[in-house]
Amino acid sequence: MASKKPTVTSAPPAQPHTGQGHTSRNEGGWSAKGGLRSRFILPSALAFAAISGFFVARFPVRPELAAVSAIFVLVFAWPSYSAIVRWLGVQRGVRLLVLLGVYALVLETVAVKTGVPYGRFSYGPKIGKLLFDAVPWTVPFSWTPLALCALWRSKGNIFLSGALLVAVDLCLDPGAVAQGFWRYGAGGAYFSVPFSNFVGWMLSGTLGAWLGRGVNWQEAPPEARTSGLLSIAFWTSVCLNMSLWIPGLVGVALIIGSLLPKK
């Protein structure tokens with residue numbers, strides 16, 4: 001299950017490194033080798049995420065099952081993490097992922113302690129042990145995939161990436177608050193989420209995208225978006241199955257937009 005900001009990186013060589021030799025890709029991003037099998041992987045993974053969201057909406061996660069939530073976060077993060085490392089190579093790929101992860105952890109810790117930039121909020125006990133008595137350890141693994149997905153879709157445009165992350169949070173936050181993953185002290189007008197939260201996501205998302213400015217995102221493999229898509233599919237399903245129609249429809253639009261090939 002995704003954490004908050006969740007809360008969201010380095011330049012590829014002329015021929016992107018895949019760790020598997022030179023494999024041609026068509027416009028849709030699937031490798032020519034094993035392409036038929038690959039075409040079923042993403043739809044199957046999205047269906048799994050949506051089904052998981054259905055069960056969470058119907059049977060909310062209990063605090064004693066926080067470890068299960070943490071496992072889901074790691075499983076969802078793996079596809080994009082592995083794709084980035086294959087593309088950029090181990091050194092550059094890991095450096096990018098660590099940079100974004102540390103940024104997310106520091107940002108969330110400051111936000112919980114001070115209320116800046118999202119407004120006052122606190123995490124519940126459902127998504128992993130708290131670090132610094134503030135932030136679940138899973139935060140770097142839930143925010144970073146969303147940032148990678150936004151950077152892939154925007155082709156590295158930092159302001160568009162920030163706007164896309166705000167759109168993601170329009171789906172994610174209402175579902176997470178309704179499920180008790182975190183809560184805002186003063187509530188808010190948008191499904192108990194304050195307007196300040198979305199301003200904060202624009203600021204933090206833009207800055208996070210700026211950290212990835214050294215990467216040529218126009219050449220990024222489509223698998224870089226996969227983990228973010230899984231998270232969006234999960235929260236879209238949670239929202240729709242809890243009758244949170246507006247956040248759910250935002251999620252549907254994001255999924256459709258992310259599945260379109262880059263031009």
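These legends go with close-up views of a predicted model.

A few ground rules: residue numbers start from 1 along each chain as its sequence is written, and side-chain values use heavy atoms, leaving out hydrogens and water. Since the model is predicted, local features need pLDDT of at least 70 and side-chain atom pairs pLDDT 80 or more, while totals for chains, interfaces and linings use all residues.

**View 1. The whole protein has eight helices and four strands.** Helices (H or I, at least four residues) and strands (E, at least two) are DSSP runs, numbered from the N terminus. In sequence order they read α-α-α-β-β-β-α-α-β-α-α-α. Of the 263 residues, 54% are buried, meaning under 20% relative accessible area with a 1.4 Å probe, counting protein chains only; exposed is over 50%, and partly exposed is in between.

**View 2. Helix 3 packs on helix 4 at about 115°.** Their axes sit 8 Å apart; these are lines fitted to C-alpha atoms over the stretch in contact, with angles from 0 to 180 degrees between N-to-C directions. Among the residues making the contact (heavy atoms within 4.5 Å) are Leu-97, Gly-101 and Tyr-103 of helix 3, plus Pro-140 and Trp-143 of helix 4.

**View 3. Val-106 belongs to helix 3, residues 90-114.** Val-106 counts as partly exposed because its relative accessibility is 49%.

**View 4. Thr-206 is tucked into helix 6, residues 195-211.** Thr-206 is buried, as its relative accessible area is 14%. Setting aside neighbours within four places in sequence, Thr-206 touches Ile-158, Phe-159, Gly-162 and Trp-201.
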